[in-house]
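Me: I'd like a close look at one part of this model, namely the aromatic rings and what surrounds them. Could you walk me through it in one go?

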Amino acid sequence: MLNYKVLALDESGKASLAHRSKNFILSGLIIPEDFRVELDSSIRQLKKKHFNDDEIILHSRDMLRQKGLFAHWRTQADKEKEFWSEFITFIDNKKIALAFVVVDKEKAKKLGWNEIAILKRVYNKMLEEFAGKHLISNGGKIVAESDPSQDKYLIQAH
């Protein structure tokens with residue numbers, strides 16, 4: 001049986017030029033499928049240890065701004081440092097590859113791109129790199145957490 005590679009996608013910002021975000025970022029986490037259970041278990045243990053809840057969502061925006069579940073880090077810097085030290089050990093693993101496509105929306109606007117052009121280009125580039133670098137001898141799967149209106153551009157890129 002093939003050892004599939006899994007590409008998990010998520011965005012930061014909005015592709016819309018009218019949105020206040022300066023950049024649109026499509027990020028990907030690429031792992032062997034047979035590593036998913038081990039990674040999930042490790043991250044759940046980390047969340048349970050630090051937040052007493054293995055179901056919480058680690059939203060980078062809230063984490064970096066110390067909001068919501070992460071607000072206690074404002075007064076407990078040692079807890080934040082301990083969390084990040086442990087979290088980075090998961091990412092610093094040869095089984096994990098990170099992928100990013102970043103669009104500077106001001107430059108995109110100057111090039112005449114609109115939201116659709118941005119979405120098409122980021123999904124095409126992400127899948128081109130995923131296929132070219134990670135699927136040479138393996139099959140692959142894609143898991144996307146995106147706005148349903150964007151799914152058609154991911155499907156077209158596929």
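How many residues apart are W84 and F87 in helix α3, and what does that come to in helical turns?

Reply: Keep in mind that this is a predicted model. W84 and F87 sit three residues apart in helix α3 (residues 77–91), so about one helical turn separates them.

Now for the rings themselves. Searching the whole structure turns up nine aromatic pairs. One of them joins F70 and W73, a tilted pair with 5.2 Å from centre to centre and 50 degrees between the planes. F70 and W73 are both buried. Your two helix residues make another pair: W84 and F87 meet edge-to-face, with centres 5.6 Å apart and planes at 90 degrees. Burial splits this pair across a cut-off. F87 has 18% relative accessibility, so it counts as buried, because the limit is under 20%. W84 comes out at 22% relative accessible area and is therefore partly exposed.

Zoom out a bit and both pairs turn out to belong to one cluster, where ring pairs link F51, F70, W73, F83, W84 and F87.

Some of these rings also show up in the nonpolar packing. The largest nonpolar core has 20 residues, and the ones touching the most other members are L7, L9, F24, I118, V122, Y123 and M126. Two or more residues of this core come from each of β1, β2, β3, α5 (115–134) and α6 (151–157), and α5 gives the largest share, with seven. M126 is a handy example: beyond its neighbours within four places in sequence, M126 contacts L7, L9, L26, S27, G28, A99, F100 and V101. A second core of 14 residues is separate, and W73 and F83 are among its members, along with V6 and I56. That puts W73 and F83 in both the ring cluster and the second core.

Helix α3 has one more role to mention, at the largest pocket. This pocket holds about 2000 Å³ of space. It is lined by 44 residues, with D10, L58, H59, S60 and E145 closest to the centre. By class, the lining splits into 20 nonpolar, 10 polar and 14 charged residues. α3 supplies at least two lining residues, as do β1 (5–12), β2 (23–32), α1 (36–51), α2 (60–65), β3 (97–104) and β4 (140–145). To tie it together, α3 carries the edge-to-face pair of W84 and F87 and also contributes to the pocket lining.

Note on methods:
Residues numbered from 1 in each chain as written. Predicted model: local features only at pLDDT ≥ 70, side-chain atom pairs only at ≥ 80, totals over all residues. Heavy atoms only, no water. Phe/Tyr/Trp six-rings, centres within 6.5 Å; stacked < 30°, edge-to-face > 60°. Buried < 20%, exposed > 50% of the residue type's maximum accessible area, 1.4 Å probe, protein only. Helix = DSSP H or I, 4+ residues; strand = E, 2+ residues; numbered from the N terminus. 1 Å grid on protein atoms, 1.4 Å probe; cavity = no way out; pocket = protein on both sides within 12 Å on 5 of 7 lines; lining within 4 Å. Points joined across faces, edges and corners; volume = space filled by probe spheres on them. Nonpolar A, V, L, I, M, F, W, Y, C, P; charged D, E, K, R; others polar. Core = buried A, V, L, I, M, F, W, Y, C linked by side-chain atoms within 4.5 Å. Contact = heavy atoms within 4.5 Å.
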